[in-house]
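User: Please go through the assignments in this structure with me. For each one I should like to see the value set against its criterion.

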Amino acid sequence: MNAQTSRISSEIDFERDGKQTGFLRLPHSVHRSAYGWLAIPVVCIANGPGPKVLLISGNHGDEYEGQVTLMKLARELELDGISGRVIIVSAANAPAARVGRRTSPLDFAGEGNLNRAFPGDANGSPTEMIAHYIVSELLPRADFVFDLHSGGHSLRYIPSAEAKLGDDGEVNARQSALLKAFGLPISNVGETFDDRTLAGTAKRLGITFIGTELGGGGTVSAPILSMAEQGLRRCLKHIGTLPQGDAVDPPPATRLVYVGGADYFVYAPDDGLFEPYVELGQMVEGGQAAGAVHFPETPWQSPVIAHFQRAGLVLCERVGGRVERGDCLFHLATDHKE
Ligand SMILES: [Zn+2]
């Protein structure tokens, strides 16, 4: 076998028209199941010529808003209602999604992070094999990729869409139009992508890519789900997957922001119990106190105070009281002019 050919097989034929459901089979030979495979659910809806769309969630298993959105969409999209092809992988890192964790318990000492595993490895661990399959089998079949994230267990975001604007003006224009169509409260055009992410991979390959940070805290909320569902349908209508007559509300205004370098981030200066001083959506100044880390084991000791290094909008906050030195407490964004 060519080392670059995926060992994951698909039960469905992506080149065939129709609505198909099934599993991607990831070979997984372990003590309790010698010839077994891990099931990654996949839905393909293909109806003649038209745009080719790849919808992904569960890249991180504890980011539920996108998973719920795509499960609903997978059931709702009817074959005769669309043009082109939509591939939906709602639990991309299925072993992580199954246990409701950001990372897969099956590799990397129980911290298999799919979105740090790209471009992956055909002969690697389960998480690496999934990354490799996405790059070698799914991205080549997509003109448009949506990767629905949220803050997960440890973070919470103002609902945001993200696009990394690069050197290709046509891709930039498509992504900017999709950010407006999505109509989430925030559109972030300056996230600093790690090149091991799906976003970084799509950018390298010149694929039109929209990410999201829908909320987080390991929760699902009705208002955020509604934003995600409406926004994604508007994007599919904008692309031409859904007919122009599809009934969706016009997009709400979105605030265009930029996330720059390391000074946009605030980290826990010590281990302890975190007390935030600010809230999501608040504007802060450089030097302003962001929060305190208290010491429950020595409660007579004064807390250590973390500060914002620069001014900006609080886009993301830590969830959960206990922190360790180096945990992200907040990150900021600044307004971006088109
Ligand atoms: Zn994520």
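Analyst: In this predicted model, alanine 109 is found in the loop between α2 and α3.

User: What makes alanine 109 count as exposed or buried?

Analyst: The class follows from a count of C-beta atoms. Alanine 109 has 7 C-beta neighbours inside 10 Å. A residue is exposed if the number is 12 or fewer, so alanine 109 counts as exposed.

User: Which class does phenylalanine 108 receive, and why?

Analyst: Phenylalanine 108 is also placed in the loop between α2 and α3. The count for phenylalanine 108 is 16 C-beta neighbours inside 10 Å. Exposed residues have 12 or fewer and buried residues 20 or more, with partly exposed in between; phenylalanine 108 therefore counts as partly exposed.

User: What is the sign of phi in alanine 109, and what is it in phenylalanine 108?

Analyst: Alanine 109 has a positive phi of about 55°, although it is not a glycine. Phenylalanine 108 has a phi near 50°, again a positive value in a residue other than glycine. For comparison, most residues other than glycine have a negative phi.

User: What kind of peptide bond joins phenylalanine 118 and proline 119, and what is its omega?

Analyst: The bond is cis, with an omega of about 5°. Proline 119 lies in the loop between α2 (94-98) and α3 (126-138). As a rule, most peptide bonds are trans.

User: How do you know whether the radius of gyration of the chain agrees with that of a compact globule?

Analyst: The globule rule is 2.2 Å times the number of residues to the power 0.38. For 338 residues this gives a value near 20 Å, and the chain has 21 Å, which agrees. Taken along the principal axes, the C-alpha atoms fill a box of roughly 65 × 55 × 35 Å. Of the 338 residues, 46% count as buried.

User: How many helices and strands does the chain have, and what share of its contacts links residues 24 or more positions apart?

Analyst: There are six helices and 19 strands. Among contacts with a separation of 6 or more, 68% are between residues 24 or more positions apart.

User: Why is the crossing of α1 and α6 called oblique?

Analyst: The axes of α1 (residues 64-76) and α6 (residues 222-239) cross at roughly 50° and come within 10 Å. Angles under 35 degrees count as roughly parallel, 65 to 115 as roughly perpendicular and over 145 as roughly antiparallel, the rest being oblique; the angle here makes α1 oblique to α6. The residues in contact include Val68, Lys72 and Leu73 of α1, and Leu225, Ala228 and Leu232 of α6. The crossing is right-handed.

User: What makes strand β17 largely enclosed?

Analyst: Strand β17 covers residues 312-318, and six of its seven residues are buried, so the rest of the structure largely encloses the strand.

User: Which strand is joined to β17 by three bridges, and which pairs with it over four?

Analyst: Strand β7 (residues 155-157) is joined to β17 by three bridges, in the antiparallel sense, and cysteine 316 of β17 is the bridge partner of tyrosine 157. Strand β19 (residues 328-335) pairs antiparallel with β17 over four bridges; here cysteine 316 stands opposite histidine 331.

User: Why does the link between β14 and β17 count as a pairing, with how many bridges?

Analyst: Two strands pair if DSSP finds at least two bridges between them. Two bridges join β14 (residues 283-284) to β17, running antiparallel, so the criterion is met. Methionine 283 stands opposite leucine 313 in β17.

User: How many bridges join β3 to β2, and how many join β3 to β5?

Analyst: Strand β3 (residues 37-47) is joined to β2 (residues 18-27) by 10 bridges, antiparallel, with leucine 24 opposite isoleucine 40. Five bridges, also antiparallel, join β3 to β5 (residues 84-89); arginine 85 of β5 is the bridge partner of alanine 46.

User: What makes β16 and β18 edge strands?

Analyst: Four strands form an open antiparallel sheet in the order β16-β15-β13-β18. Strands β16 (304-307) and β18 (322-323) each pair on one side only, as edge strands. Within this sheet, four bridges join β13 (residues 272-276) to β15 (residues 289-294), and phenylalanine 274 stands opposite valine 293 of β15.

Note on methods:
Residues are numbered from 1 along each chain as its sequence is written. This is a predicted model: local features need pLDDT of at least 70, side-chain atom pairs count only at pLDDT 80 or more; totals for chains, interfaces and linings use all residues. A residue is buried if 20 or more other C-beta atoms lie within 10 Å of its own, exposed if 12 or fewer, and partly exposed in between; C-beta atoms are placed from the backbone. Two residues are in contact if their C-beta atoms, placed from the backbone, lie within 7 Å. Axes are lines fitted to C-alpha atoms, for helices over the stretch in contact, and angles run from 0 to 180 degrees between N-to-C directions. A crossing is left-handed if the near helix is turned anticlockwise from the far one by less than a right angle, and right-handed if clockwise.
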